[in-house]
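This report describes selected side-chain and backbone features of one protein model. The sequence and structure come before the description.

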Amino acid sequence: MSITTNNASSAPCRETTDYTNPIIHIDPSMCTGCRRCAGVCPVDAIEGQPGEPQTVNADRCVICGQCVQICSVYASDWADSSPWVADSRRQERLRERDMPADIGEPLFAAYYSCSLKKVTDMMAKPGQFRIVQCAPAIRVSIAEEFGMPFGTLTPGKMAAALRRLGFDRVYDTNFGADVTIMEEGTELIRRVTEGGPLPMFTSCCPAWVRFAEIEYPDLLDHLSSCKSPMQMLGSLVKTYGAQLDEVEPASIYSVAIMPCTCKQFECDRPEMESDGYRDVDEVLTTRELAYWIKESGIDFMDLPDEEFDSPLGRYSGAGSIFGVTGGVMEAAIRTGYELLTNEKLPKLQLDFVRGEEGVRVAEVQVGELQLKVAVVAGLQHAYGLLDRVQAGECDYHFIEVMGCPAGCISGGGQPKLMLEKHRIEAYRARKSSIYGHDAGLQVRKSHENPHIIKLYDEFLGEPLGHVSHHLLHTTFQKRGPGKQSRSCNVLSKEGTNNSIQ
């Protein structure tokens, strides 16, 4: 394999308006107008004058939650009140945010709507088959909420905790990531061999998809038609999984634990259903799962390690690295190279797509094809590349885009980090744990996951076949007139070429 690095079709679109309630909020009574939130917003959705309360433009917001992560304002209007009044006002705020009443952490001006009460209410209803899935980035961050060092890897304790919270099956979004590679990789090969449209963009990140729908609607046919791994697994849970468990799809209550504040928006999109059943019924963030575990009195760190349920909880290393920037690209190349060349990939650790926030590009010799790829981490870095695609000046085949600065490990629903040095340490540790987890797994390529092979043999047939197209692919929608913010002022960070043999 020869690699050159440079560090530096969906269905027709239909115009629509947003139909969901805002998920990201700023409490005007607490906001001091410091505008740190505006500084991290990739789409200029935070509006207001310095020193005055800010507001969120919901039509422009991509719901990435980076403003919630950066907000450090927790001054309150009850500071000089009596203890009784202070407690009453705090409880009022908690109810407004749907947060647990006994939560001990400070309340910040920027916050996202919680879904925990909706989930616990549904869990109490009889006659349901309760299923949960967990994103790859949760297992390297949830332990931080219980005082463990940054990046502590705890998939076994997470599975044990979810069973004690009442779930009948504990599945893994990593399995959905392996399915995504089978579908997205096949789609890329088809586009390359049958004339595009190229470049093809990943569609795993809901903030990126929403960004494209708002800022670059004319490029939507460049997005892969694949649903995200969360939605793919949700669809399989109520079809293939329902058959295996001999339960009616209507009785399944499906919850996803995600690092991302935009996943609830994705889950609520009307097109995310199959045969009348929602793919995923509700989404909780990492922080909400931690609230729930604490509220239930579960001693997380003293839990035994338990395995995810089979078959929809068994994954490859390729599925696990979806949690970091470059992970989707690396997983896709591991499988695409071997399927196209019928040869073993000489090295599984593809350092040329690993990295930090910004844009990385590479050229990979795959058989007779010189595959040109790019990885974008942080939506503010996407403008320059997308402008080139619009102008017909971008000759890449495949581009991964993740909305958050380090990929899903830095999502808006992850444990809140107050200091910049902690943020750097946490991202580095979480990323290291994810790559270490991948390296320690026996199966590290999606197409070699025996449970994926069985899924296609028994149920789906073939990638991009009739069944998989019906269950696992979707369409995207124009949500605005096109680019309105930041424009060409933000440029890609590209460097010089290097060759690796």
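## The loop around Leu198

Leu198 has a relative accessible area of 29%, so this residue counts as partly exposed; the scale (1.4 Å probe, protein chains only) sets buried at under 20%, exposed at over 50% and partly exposed in between. The model is predicted: local features need pLDDT of at least 70, side-chain atom pairs count only at pLDDT 80 or more, and totals for chains, interfaces and linings use all residues. Residues are numbered from 1 along each chain as its sequence is written, and side-chain values use heavy atoms, with hydrogens and water left out.

Leu198 sits in the loop between helix 6 (173-194) and strand 8 (200-201). Helices (H or I, at least four residues) and strands (E, at least two) are DSSP runs, numbered from the N terminus. Two cis peptide bonds are described for this loop. One joins Gly196 and Pro197, with omega about 10°; the other runs from Leu198 to Pro199, with omega near -5°. Pro197 lies in the loop between helix 6 and strand 8, and Pro199 is placed there as well.

Leu198 and Tyr396 are 198 residues apart along the chain, yet their C-alpha atoms are separated by 7.3 Å. With neighbours within four places in sequence left aside, the contacts of Leu198 (heavy atoms within 4.5 Å) are Leu188, Arg191, Val192, His222, Tyr396 and His397.

## Glu400

Which residue provides the nearest side chain of opposite charge to Glu400? That residue is Arg360, 5.6 Å away, and Glu400 is buried without a salt bridge. For charge, Lys and Arg count as positive and Asp and Glu as negative, while His and the chain ends are not counted. A salt bridge needs a side-chain nitrogen of Lys or Arg within 4 Å of a carboxyl oxygen of Asp or Glu.

Glu400 belongs to strand 15 (residues 398-402). Its side chain reaches the backbone nitrogen of Val328 at 3.3 Å. Beyond four places in sequence, Glu400 is in contact with residues including Thr202, Gly327, Val328, Met329 and Ala374.

## Salt bridges

The whole structure contains 35 salt bridges. Three of them are listed with the distance between the closest N and O atoms.

| Acidic residue | Basic residue | Closest N and O atoms |
|---|---|---|
| Glu282 | Lys118 | 3.6 Å |
| Asp309 | Arg163 | 3.2 Å |
| Glu213 | Arg269 | 2.7 Å |

Glu213 is in helix 7 and Arg269 in the loop between helix 10 (263-268) and strand 10 (273-274), so this pair ties together parts 56 residues apart in sequence. Both Glu213 and Arg269 are buried. Glu282 is buried as well, with a relative accessible area of 10%, whereas Lys118 is partly exposed at 45%. Asp309 is buried at 17%, and Arg163 is partly exposed at 26%.

## Aromatic rings

There are 9 aromatic pairs in the structure. Rings of Phe, Tyr and Trp (its six-membered ring) pair if their centres lie within 6.5 Å; planes under 30 degrees apart count as stacked, over 60 as edge-to-face and the rest as tilted. The Phe146 and Phe300 rings have centres 4.7 Å apart and planes at 15°, so they are stacked. This pair links distant parts of the chain: Phe146 is in the loop between strand 6 (129-134) and helix 5 (155-164), and Phe300 in the loop between helix 11 (286-295) and helix 12 (317-320), 154 residues apart. Phe300 is buried, at 1% relative accessible area.

Tyr216 and Tyr383 make a tilted pair, at 6.2 Å centre to centre and 50° between the planes. Tyr216 lies in the loop between helix 7 (206-215) and helix 8 (229-237) and Tyr383 in helix 14 (residues 382-390), so the pair ties together parts 167 residues apart in sequence. Both tyrosines, Tyr216 and Tyr383, are buried. Ring pairs also link them with Phe201, Trp208 and Phe211 in a cluster.

A charge sits over a ring if NZ of Lys or CZ of Arg is within 6 Å of the ring centre and within 35 degrees of the ring normal. Arg97 lies over the face of Tyr111, 3.8 Å from the ring centre, and the charged end of Arg210 sits over the ring of Phe265 at 4.9 Å from its centre.

## Positive phi

Asp275 has phi near 55°, a positive value in a residue other than glycine, and is exposed at 54% relative accessible area. Asn342, also not a glycine, has a positive phi of about 60° and is exposed at 71%.

Definitions and conventions
A polar contact is a pair of N or O atoms within 3.5 Å; within protein, one must be able to donate a hydrogen and the other to accept it, and residues adjacent in sequence count only if both atoms are side-chain atoms.
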